[in-house]
Amino acid sequence: MGVMIAKNDQAERLPGHDLRADKMPGHWLLARLGKRVLRPGGIAMTRGLLADISVGRDDDVVEFAPGLGVTARLILQRTPHSYTGVERDSAAAAWTAQQLPVQPNVSVSIGPAEATGLADGVATVVVGEAMLSMNPSEHKQQIMQEAYRVLHQGGRYGIHELAIVPDDVSAHVKGDIEAALSSAIHVGARPLTPGEWRSLLESVGFHVECIRLAPMNLLRPARLVADEGLLGALRFLRNVAMDRDARRRVLKMRRTFHKHRAHLNAISIVARK
Ligand SMILES: C[S@@+](CC[C@H](N)C(=O)[O-])C[C@H]1O[C@@H](n2cnc3c(N)ncnc32)[C@H](O)[C@@H]1O
């Protein structure tokens with residue numbers, strides 16, 4: 001049983017539109033409820049990442065997992081030479097494509113980030129947010145290898161993910177957080193420590209240039225307003241209030257993020273090939 005999002009004639013095309021609120025992946029549930037910014041550090045961390053990575057007019061940008069196209073639009077505001085999104089969820093790819101201008105240098109394709117089908121060295125920038133954490137270790141590495149392959153020498157790779165802090169956190173705490181997150185968002189969640197993110201990037205050949213951390217405040221009121229605007233945040237809260245199954249899930253997610261807040265952060269990293 002889903003929530004009707006008033007006046008949204010695209011609602012049925014949202015990813016996961018045919019799934020039950022009590023079972024669906026947390027990010028698509030949040031999207032059904034009206035949330036559009038689905039990454040742990042929010043829009044502020046995204047803006048910081050795009051500035052750190054200095055996306056500009058000469059760049060050929062590949063975005064892994066654009067989701068609902070929020071970062072794609074921010075990237076296009078910087079008028080890069082080209083933009084290519086690669087998203088494995090066909091509904092999300094279609095949604096993103098709908099957000100973007102119809103231009104020959106802008107495209108979105110359906111496929112896995114670990115095998116984009118793009119030629120070697122076509123990108124000067126690769127960006128991916130909130131997508132590595134949900135992939136198992138082997139896929140994380142394959143996705144990073146693919147970023148490395150499609151980047152030309154000197155190209156930049158920007159990621160924005162979940163991190164567990166500090167670097168020397170015990171295996172027990174880490175295991176607890178993974179289990180709690182996976183149970184709350186119904187997606188396998190395997191965040192890494194900042195040191196582990198760095199090592200993984202270095203293991204595929206990247207040189208890490210910049211690491212930033214921020215609180216994981218995805219469902220806190222101030223962050224909701226910052227990410228979705230006041231009206232968007234109110235719409236989201238109204239939709240949560242109107243759907244019991246969805247509300248249960250959202251409250252569980254919020255409790256989980258809150259309980260583990262001392263060890264759970266958002267992280268952005270810029271690495272260079
Ligand atoms: C939590 S959402 C984040 C969406 C968007 N990047 C954002 O930050 O708002 C995760 C997205 O990653 C996509 N995704 C996960 N693993 C992927 C993979 N291996 N290849 C391509 N897309 C992937 C999902 O389909 C979904 O759109």
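Modeller: A pocket is an open set of points on a 1 Å grid over the protein atoms alone, where a 1.4 Å probe fits, with protein on both sides within 12 Å along at least five of seven lines; lining residues have an atom within 4 Å of a point. This is a predicted model, in which local features need pLDDT of at least 70 and side-chain atom pairs count only at pLDDT 80 or more, while totals for chains, interfaces and linings use all residues. Residues are numbered from 1 along each chain as its sequence is written, and side-chain values use heavy atoms, with hydrogens and water left out.

Colleague: Which residues lie nearest the centre of the largest pocket?

Modeller: The largest pocket has a lining of 43 residues. By class, 25 of the lining residues are nonpolar, nine polar and nine charged. Nearest the centre lie H27, L38, A130, M131 and M134.

Colleague: Which helix supplies the largest share of that lining?

Modeller: Several elements (DSSP runs, helices of at least four residues and strands of at least two) give at least two lining residues each, including strand 5 (151-164), helix 6 (171-185) and helix 9 (244-259). The largest share is four residues, and it comes from helix 1.

Colleague: Which residues does V250 contact beyond its neighbours within four places in sequence?

Modeller: V250 belongs to the largest nonpolar core (buried residues joined through side-chain atoms within 4.5 Å), which has 33 residues, and is among those that touch the most other members. Helix 1, helix 8 (221-242) and helix 9 are among the elements that give two or more residues to this core. With sequence neighbours set aside, the contacts of V250 (heavy atoms within 4.5 Å) are L29, L30, L33, L219, F236 and V240.

Colleague: How many bridges join strand 6 to strand 7?

Modeller: Strand 7 (residues 264-272) has eight of its nine residues buried (under 20% relative accessible area), so it is largely enclosed by the rest of the structure. Strand 7 pairs (at least two DSSP bridges) with strand 5 in the antiparallel sense over nine bridges, E161 being matched with I267. Strand 6 (residues 207-215) also runs antiparallel to strand 7, with A214 bridged to A266. The number of bridges between strand 6 and strand 7 is eight.

Colleague: How far apart in space are D52 and M131, C-alpha to C-alpha?

Modeller: D52 lies in helix 2 (residues 42-52) and is partly exposed, with a relative accessible area of 27%. Its contacts, apart from neighbours within four places in sequence, are C210, R212 and V270. D52 and M131 are 79 residues apart in sequence, and their C-alpha to C-alpha separation is 19 Å.

Methods
Nonpolar A, V, L, I, M, F, W, Y, C, P; charged D, E, K, R; others polar. Buried < 20%, exposed > 50% of the residue type's maximum accessible area, 1.4 Å probe, protein only.
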